[in-house]
Amino acid sequence: MSTSTSTFRFAPHASRRAAARSAALRGLLPVLALTCLAAGGAAVPDRAAAAAPAHAGATGLRAAASFPTWGTRWAVHATPDIGSPSVGMINRSSPGQDRITADYQVDTGRRVCEGSACSTFMAHITKPVTGFLTVVAVDIPEDRLPGVPVRAGQPDPQPGSRRQTLQRAAVWLTANGGRPVPYAQDKYWRDGYRQDCSGYASMALGLPTPGTNTQGLAGRGHTRPIAMNELQPGDLVIDAIGTSNTRHVVVFEKWNDAAHRSYTAYEQRSVHGTSHRSVTYGLAAGSEYKAYRPLQYGN
């Protein structure tokens, strides 16, 4: 893997450019064009079809267009920045297995290279996962997506949204080769976040790596206290009292019933690692767990 990219993937030995050249040659054999494998095992469809948008109307290209990908384990990021948290992954287990749909792209000014292929562009994709993907992961000869609008310097349209918090929280459920990320107070996952409960919550919120501690998450710089019955998706429930072995934080997803007798949350817990389950933290009278709303939601 190139040290200039944070996509956390294992690429074939052949570069994307080499795959493109191979695909162009295979274009002379229409019967095989959509079934052959490029060097390194990445499936490469016909080049003309790859560059075509999903639909072209009478007035020209639509914003959304579909493209093939190559290689394995490309990270999809929360914002148009390869250093931002991962919200998902394409080609998780097989090279070139996914086809992405993009509605716009951003010139980040930050060059990413793999082999002889380089690009400063990140595509905003809506399928198979929503987020930003480096254009280097797309199997086209160009350094940007043809026919897709460019929004130079455009930030993510919903920074710090509740939806993105839950999307990021879900990534760690399967990030360890299809299994949860293990719990550890002194280790860091490949995205740079500490593998304990507060590092995990920091990752879900998109805070700077390696993440703040539980007491920091409950501090005025990140959250404000709210009543337990005011909890909404992406809020936090925190026990900020005690020692590093007793303090804890979970990311609230939803109430399980109208009476608010339990709720579903994401958490990073000892022994089990990343979990998504029903809990009752903070619901008993006198509980040390309190509800907090991240300031980034703006409400």
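This report covers confidence, one antiparallel sheet and the two helices that contact it.

**Confidence**

The model is predicted. Its chain averages a pLDDT of 79, and 76% of the residues score at least 70. Over residues 1-15 the pLDDT is below 50, yet this stretch has 46 contacts beyond near neighbours in sequence. Residues 17-62 also stay under 50. For them the model has 69 contacts beyond four places in sequence. Where pLDDT is low, the predicted coordinates should not be read in detail.

**The sheet**

Six strands form an open sheet, and the pairing is antiparallel. The order is β9-β14-β10-β11-β12-β13. At the edges sit β9 (223-226) and β13 (273-279), each pairing on one side only. Neighbouring strands are turned by 35 degrees against each other on average, direction ignored.

Three of the pairings are listed here, each with one bridge partner pair.

| Strand pair | Bridges | Partner pair |
|---|---|---|
| β10 and β11 (residues 248-255) | four | I238 and V249 |
| β10 and β14 (residues 290-294) | three | I238 and K290 |
| β12 (residues 263-269) and β13 | seven | R269 and G273 |

Strand β10 spans residues 236-239. L236 and I238 point one way from this strand, V237 and D239 the other way. All are buried. I238 has a bridge partner in β11, V249, and another in β14, K290.

**The helices**

Helix α3 (residues 162-171) lies across β11, β12, β13 and β14. Its direction runs at about 120 degrees to β11. Helix α4 packs on the sheet as well, touching β10, β11, β12, β13 and β14. The direction of α4 makes about 45 degrees with that of β11.

Helix α4 covers residues 197-205 and is mostly covered: nine of its nine residues are buried. Among them are C197, Y200, M203 and L205. Just after α4, G206 takes a positive phi of about 75 degrees.

**R162**

Is R162 of helix α3 buried or exposed? R162 has a relative accessible area of 15%, so it counts as buried, the cut-off being under 20%. A polar contact of 3.0 Å joins its side chain to that of D235. Leaving aside residues up to four places away in sequence, R162 touches Q232, P233, G234, D235, R293, Y297 and N299. One of these, R293, falls within β14 (residues 290-294).

Technical notes:
Residues are numbered from 1 along each chain as its sequence is written. This is a predicted model: local features need pLDDT of at least 70, side-chain atom pairs count only at pLDDT 80 or more; totals for chains, interfaces and linings use all residues. Side-chain values use heavy atoms; hydrogens and water are left out. Buried means under 20% relative accessible area, exposed over 50%, partly exposed in between (1.4 Å probe, protein chains only). Two strands pair if DSSP finds at least two bridges between them. A polar contact is a pair of N or O atoms within 3.5 Å; within protein, one must be able to donate a hydrogen and the other to accept it, and residues adjacent in sequence count only if both atoms are side-chain atoms. Contact means heavy atoms within 4.5 Å. pLDDT is the predictor's confidence in each residue, from 0 to 100. Axes are lines fitted to C-alpha atoms, for helices over the stretch in contact, and angles run from 0 to 180 degrees between N-to-C directions.
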